[in-house]
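Hi everyone, thanks for making the time. I'd like to walk you through a structure that is probably new to most of you, so let's put it on the screen.

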Amino acid sequence: MTRKLSVFNFVTLNGYFEGPKHDISWHRHGEEENQFAAENLKFESVLLFGRITYEMMAGYWPTPMAIKNDPKVAKGMNNAEKIVFSRKLEKAEWNNTRLVKDNIVEEVRKMKALPGKDMTLLGSGSIASQFADAGLIDKYQIMVDPVALGDGTAIFKNIKRKLDLKLTMTRAFKSGVVLLCYEALGNA
């Protein structure tokens, strides 16, 4: 049995996962979304990040403020096994984190073939596009915020192949955010 790779990201109604200058302040993340995140962390996936997402997460989750505001999510994030993909980082200091600098598609392909925990890529739009193009992603969890931006970075910017997906679940949150879960069809 091969390991599965999921992507978790949030987007605007017009498909941006970030606004100009990596702005994500538009994302509505309330108590209900926190409970969902805490539940997902119980599955103990290996968490994967690109550098920008990693730096944002590593700058928040180990802090006393995160531990006070979101203790369950902070515990899960801080204790999880993590991998950051970056050519620029020299080292990854957040506990339980391994740095992968090169050949990230091949690295994940090898990891999927070995026994172990499933993996979840958080944010990291350019890496999600690379993995989608390589047919590595098995599941997509997309939180759609009820907001549109005039500019930003599209979630699947620069993909070179069509993604065929099957809707497997939806969930509406009180904030107006809608979770869409998809299974990839016909991965390579």
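Let's begin at one residue, serine 129. Setting aside the neighbours within four places in sequence, serine 129 is in contact with Ile155, Phe156, Lys157 and Ile159. Before we go on, please keep in mind that this is a predicted model.

Where does serine 129 lie? You'll find serine 129 in helix α6, which covers residues 125-133. And is serine 129 buried or exposed? Serine 129 has a relative accessible area of 5%, and because buried means under 20%, serine 129 counts as buried. There is also a polar partner for the side chain: one of the polar atoms of the serine 129 side chain has the backbone oxygen of lysine 157 at 3.1 Å. Lysine 157 is also one of the contacts I listed a moment ago.

Now let's step back to the whole chain. How many helices and strands are there? The secondary structure comes to six helices and ten strands. The radius of gyration is 16 Å, close to the 16 Å that the globule rule gives for 188 residues, so the chain is as compact as a globular protein of that length. If you like to picture a box, the C-alpha atoms fill one of roughly 40 × 35 × 30 Å along the principal axes. Of the 188 residues, 43% count as buried. As for contacts between residues at least 6 apart in sequence, 69% of them join residues at least 24 apart. On the outside, the chain exposes about 10,400 Å², and carbon and sulfur atoms supply 55% of that.

Next, the sheet. A quick reminder: strands of a sheet pair through backbone hydrogen bonds, either parallel or antiparallel. Here we have an open sheet of eight strands with mixed pairing, and the order is β5-β4-β3-β6-β1-β7-β10-β9. At the edges sit β5 (97-100) and β9 (165-172), each pairing on one side only. From one strand to the next, the twist averages 20°.

Let's zoom in on the β5 end. Strand β4, residues 82-85, pairs with β5 in the parallel sense over four bridges. Within that pair, valine 84 stands opposite leucine 99 of β5.

Which helices pack on the sheet here? One is α2, residues 51-60, which touches β3 (46-50), β4, β5 and β6 (119-122), with its direction at about 115° to that of β3. Another is α4, residues 71-79, which touches β3, β4 and β6, and its direction makes about 70° with that of β4.

That's my tour, and I'm happy to take questions!

Technical notes:
Residues numbered from 1 in each chain as written. Predicted model: local features only at pLDDT ≥ 70, side-chain atom pairs only at ≥ 80, totals over all residues. Heavy atoms only, no water. Pairing = 2+ DSSP bridges. Helix = DSSP H or I, 4+ residues; strand = E, 2+ residues; numbered from the N terminus. Axes fitted to C-alpha atoms, helices over the stretch in contact; angles between N-to-C directions. Contact = heavy atoms within 4.5 Å. Buried < 20%, exposed > 50% of the residue type's maximum accessible area, 1.4 Å probe, protein only. Polar contact = N/O pair within 3.5 Å; in protein donor to acceptor, adjacent residues only side chain to side chain. Rg over C-alpha atoms; globule rule 2.2 N^0.38 Å. Areas by Shrake-Rupley, 256 points an atom, 1.4 Å probe, with all protein chains shown as cover.
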